[in-house]
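Biologist: I'm new to reading models like this one, so could you take me through a single part of it up close? Plain language would be great.

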Amino acid sequence: MENRSIFALDGITGMLIATVLLLSILAGLTVWGLGVQQGSATNFYQLQNEKEIKMISTENATHKIDVK
């Protein structure tokens, strides 16, 4: 005899578990993303020697300093 219960994991219960799991992952990633965005918004940079920056140069990163 087969288990044809409506509350088996491949029925409504499984769908609800998957939905709750996906929504909790979405909420967690949203909160984490907002925290990263707020941390980056308060981190300012300052340019030194702006006149010496060349268009194509690997040394351009040395002109940027972290203010915070």
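Biologist: How buried or exposed is N49, and what is its relative accessible area?

Modeller: With a relative accessible area of 46%, N49 is partly exposed, because that class sits between buried (under 20%) and exposed (over 50%), using a 1.4 Å probe and protein chains only. Before we zoom in, you should know that this is a predicted model, where local features need pLDDT of at least 70, side-chain atom pairs count only at pLDDT 80 or more, and totals for chains, interfaces and linings use all residues. Residues are numbered from 1 along each chain as its sequence is written, and side-chain values use heavy atoms, leaving out hydrogens and water.

So where are we? N49 is in the loop between β1 (45–47) and β2. The whole protein has 1 helix and 2 strands (DSSP runs numbered from the N terminus: H or I for helices, at least four residues; E for strands, at least two). Starting at the N terminus, they come in the order α-β-β.

N49 also has a quirk in its backbone: its phi is positive, about 55°, even though N49 isn't a glycine. Most residues other than glycine have a negative phi.

Let's follow the loop along to H63, which is in the loop between β1 and β2 as well. H63 counts as buried, since its relative accessibility is 11%. Buried residues make up 4% of the 68 residues here. From H63 to I53 you count 10 residues in sequence, while their C-alpha atoms are 7.5 Å apart in space.

Now for the strands on either side. Q46 belongs to strand β1 and counts as partly exposed, because its relative accessibility is 42%. Q46 and D66 are 20 residues apart in sequence, yet 6.5 Å apart in space, C-alpha to C-alpha. There's a charge over a ring to look for, too: K64 lies over the face of Y45, at 4.7 Å from the ring centre (the rule asks for NZ of Lys or CZ of Arg within 6 Å of the ring centre and within 35 degrees of the ring normal).

How sure is the predictor about all this? The average pLDDT (its confidence in each residue, from 0 to 100) is 84, and 88% of the residues score at least 70. Strand β2, residues 64–66, has the lowest confidence, with a mean of 79, and α1 has the highest, at 93. For a stop in that helix, try L22, found in α1 (residues 12–41). L22 is exposed, because its relative accessible area is 59%.

To come back to your residue: N49 is the partly exposed one, with that positive phi, in the loop between β1 and β2.

Definitions and conventions. pLDDT is the predictor's confidence in each residue, from 0 to 100.
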